[in-house]
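Hi,

Here is the structure I promised to pass on. Please have a look at it first, and then read on for my notes.

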Amino acid sequence: MLAAEGLVEIRPARGAYVRDNTPDGEGQTLRAELADLRVALRRSKEDLAAAESRVAVLLSRLRSEDGPR
C-alpha cells in the first residue's frame with residue numbers, strides 16, 4: 001500500500017526505503033517510523049500465525065497420545 005501511494009520505494013534484495021515527498025524533508029522521520037512499525041507488525045503477524053500453527057500441531061499430538069478413555 002505504501003509503495004502504491006508513492007511513500008516507499010521497494011528495491012529488490014535491498015529493502016524498502018521511505019521516500020521524501022516534502023520539499024524540505026519535513027516529516028521524513030515520521031514516515032520512516034511508520035514504515036518500520038508496519039514491517040514490525042507484519043513480522044509479528046507472521047510469528048503469531050506460526051505459533052498458532054505449532055500449538056495446533058502440539059494439541060493434535062497430545063490428543064493422540066492421550067487416546068480414547
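By class, 10 of the residues lining the largest pocket are nonpolar and 3 are charged, with no polar ones. The lining comes to 13 residues, and those nearest the centre of the pocket are L2, V8, A16, V39 and R42. Please keep in mind that this is a predicted model.

Which elements supply that lining? At least two residues each come from β1 (8-11), β2 (15-18) and α1 (28-66). Helix α1 gives the most, with 5 residues. As for the space itself, the volume of the largest pocket is about 220 Å³.

Two other residues may be worth a click while you have the model open.

The first is R19, which sits in the loop between β2 and α1. Its relative accessibility is 38%, so R19 counts as partly exposed, since that class runs between 20% and 50%. Beyond its neighbours within four places in sequence, R19 is in contact with G6, L7, V8, E9 and R31. R31 is 12 residues away from R19 along the chain, and their C-alpha atoms are separated by 8.2 Å. V8 is worth noting here too, as one of the residues nearest the centre of the largest pocket.

The second is L30, in helix α1. Is L30 buried or exposed? L30 is exposed, because its relative accessible area is 54% and the cut-off is over 50%. From L30 to V18 the C-alpha distance is 9.9 Å, with their positions 12 residues apart in sequence.

Happy browsing, and best wishes!

Notes. Residues numbered from 1 in each chain as written. Predicted model: local features only at pLDDT ≥ 70, side-chain atom pairs only at ≥ 80, totals over all residues. Heavy atoms only, no water. 1 Å grid on protein atoms, 1.4 Å probe; cavity = no way out; pocket = protein on both sides within 12 Å on 5 of 7 lines; lining within 4 Å. Points joined across faces, edges and corners; volume = space filled by probe spheres on them. Helix = DSSP H or I, 4+ residues; strand = E, 2+ residues; numbered from the N terminus. Nonpolar A, V, L, I, M, F, W, Y, C, P; charged D, E, K, R; others polar. Buried < 20%, exposed > 50% of the residue type's maximum accessible area, 1.4 Å probe, protein only. Contact = heavy atoms within 4.5 Å.
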